Amino acid sequence: MPDFAYVGLDTAGREKSGHVRADTSEEARATLTQRKLYVVKLEPAVEVAGTRLVSRASLFSRRKMGVKQVTLFTRQLATLVTVSPLEEALRTVSRQAEREEVRRVLGNVHAGVVEGLRLSDAMAREGGSFPPLYRAMVAAGEASGTLPQILERLANLMERQAQVRGKVLSTLAYPIILAFFAAFVVFALMIFVVPKVVEQFQDVGQQLPFLTRAVIGLSNFLAAWWWALLLGLAVGTFLWIQAMKDEGFRMKFDRFLLRLPLVGRLIRDLHAARMARTLSTMVASRLPLLEGLKLTTETVHNRVLRAASADIAETVRTGGSLSGALRKAGIFPPLLVYLAASGEASGKLDVMLERAADYLEREFDAFTATALSLLEPAIIIFMGAVVALIVLSILLPILQLDTLAGNL
């Protein structure tokens, strides 16, 4: 049966939007009229990627909510559902949204709840904004009658993950900007400054020092072939993106990253902390551990860690313990394995996993602070050394000329 997207007004003048199934548009309009809705807009909906139905006019509009917007929505909804019905809370949050795409997404979810769908099923209409892990926890809250508490835990989880992402970005941003600026300064010196200075030594009639000749040669190459370097960089980037789409190459690259002395530890600790905190929240929400492992596995970007997470889920499915599966994987911090075993033995798995996540995140903070304190001066020293070589290559011919003049 075809599906139609609609926008309408109820008897109180409030805007409603959603989908209705009918054989024809006339039947769809009649169905909406029976629901006491005045139809403002009605058009056929089409299936996108086999997951959800949207109107044709919205195919080229941005409908996905960002992580920050979903986090804010979760916190607002967790607060409002404790004092008002779910339908009213959704309507209030959607009206407060400033961005049009957020209002559309939340309006669609609100319409699904009004039509009688569970909140998790209504969110499935907007699967791009609400991932399976999020919807599973909401469904668990609805099934157990603890939706406000589950939303509160979800909001805490997402806010904590946002803090970790912010720390990663802030840690990497300064060194990257510093390195980019250093490279820009060096290239500017080599292309614009060095050729002007070298012109003064062309009629000297003496052989220039080796360092000066090397810098001049590099400067001439950059000035003549900078476009080729940019083209090569663009082609290399394109080929790299294509190569990363190959699962075999991606697996080898991800394994190489994990073997790096510093980067590998950072990636493993971040993944372990995220898994521990997510599983802690899901276990506390009375969601089955196996389902939590399967849903968490889908969110892992590193292919080696994803395969390890899938093996852990399979081990648990066949009757093994979580701590035993973590120990068998061999890539997770020993502390996480130990605390998981303690939690299983004491019946407080959620508490022990949360403690493991706290510890790993503190370790991450200390590690990144130390690495940053070493990386920043290393970049500055390297930049200073390169600039010093350029300046020295200019001064050597001048000193050579002074020596010749003194001898005369």
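## Close-up views of a predicted model

The largest cavity in this structure has a volume of about 30 Å³. The model is a predicted one, and each legend below invites you to look at one part of it.

**View 1. The largest cavity and the residues around it.** Counting cavities of 30 Å³ or more gives 1. Its lining is made up of Met275, Ala276, Leu279, Leu322, Leu326, Leu336 and Leu353. Two elements, α10 and α13 (322–329), each give two or more residues to this lining. Helix α10 provides the largest share, with 3 residues. What kinds of residue line the largest cavity? The lining divides into 7 nonpolar residues, with no polar and no charged ones.

**View 2. The whole chain, to help you find your way.** Before zooming in again, you can pick out 15 helices and 4 strands in the protein chain. The chain has 408 residues, and 38% of them are buried. Among contacts with a separation of 6 or more, 58% join residues 24 or more positions apart.

**View 3. The largest nonpolar core.** This core holds 33 residues, and Phe73, Leu119, Phe130 and Tyr134 have the most contacts inside it. Two or more core residues come from each of α2 (67–80), α3 (86–96), α4 (100–114), α5 (119–124), α6 (132–144) and α7 (147–198). Which element gives the most to this core? That is α6, with 6 residues. A second, separate core has 23 residues, including Val316, Leu339, Leu353 and Ala357. You have already met Leu353, since this residue also appears in the lining of the largest cavity.

**View 4. Phe130 and its partners.** Setting aside neighbours within four places in sequence, Phe130 is in contact with Met65, Val70, Phe73, Val105, Leu106, Val109, Met123 and Arg135. Phe130 also belongs to an aromatic cluster, together with Phe73 and Tyr134.

**View 5. Thr74 in helix α2.** Here the focus is Thr74, a residue of helix α2. Is Thr74 buried or exposed? With a relative accessible area of 0%, Thr74 is buried, because buried means under 20%. Apart from its neighbours within four places in sequence, Thr74 is in contact with Tyr134, Leu151, Leu154, Ala155 and Met158. Tyr134 links this view to the aromatic cluster, which the residue forms with Phe73 and Phe130.

**View 6. An aromatic pair, Trp240 and Phe249.** A search of the whole structure finds 5 aromatic pairs. In one of them, Trp240 and Phe249 meet edge-to-face, 5.5 Å centre to centre and with 85 degrees between the planes. Trp240 has a relative accessible area of 40%, so this residue counts as partly exposed. Phe249 is partly exposed as well, at 32% relative accessibility.

**View 7. The largest pocket.** This pocket has a volume of about 1400 Å³. Its lining has 46 residues, and Arg165, Arg274, Thr299, Val300 and His301 lie nearest the centre. Which elements each supply at least two residues of this lining? They are α2, α6, α7, α9 (247–259), α10 (263–284) and α11 (289–297). By class, the pocket lining has 25 nonpolar, 12 polar and 9 charged residues. Helix α10 is worth following from view to view: it supplies at least two residues to the pocket lining, and 3 residues of the lining of the largest cavity come from it.

Methods:
Residues numbered from 1 in each chain as written. Predicted model: local features only at pLDDT ≥ 70, side-chain atom pairs only at ≥ 80, totals over all residues. Heavy atoms only, no water. Core = buried A, V, L, I, M, F, W, Y, C linked by side-chain atoms within 4.5 Å. Buried < 20%, exposed > 50% of the residue type's maximum accessible area, 1.4 Å probe, protein only. Contact = heavy atoms within 4.5 Å. 1 Å grid on protein atoms, 1.4 Å probe; cavity = no way out; pocket = protein on both sides within 12 Å on 5 of 7 lines; lining within 4 Å. Points joined across faces, edges and corners; volume = space filled by probe spheres on them. Nonpolar A, V, L, I, M, F, W, Y, C, P; charged D, E, K, R; others polar. Phe/Tyr/Trp six-rings, centres within 6.5 Å; stacked < 30°, edge-to-face > 60°.
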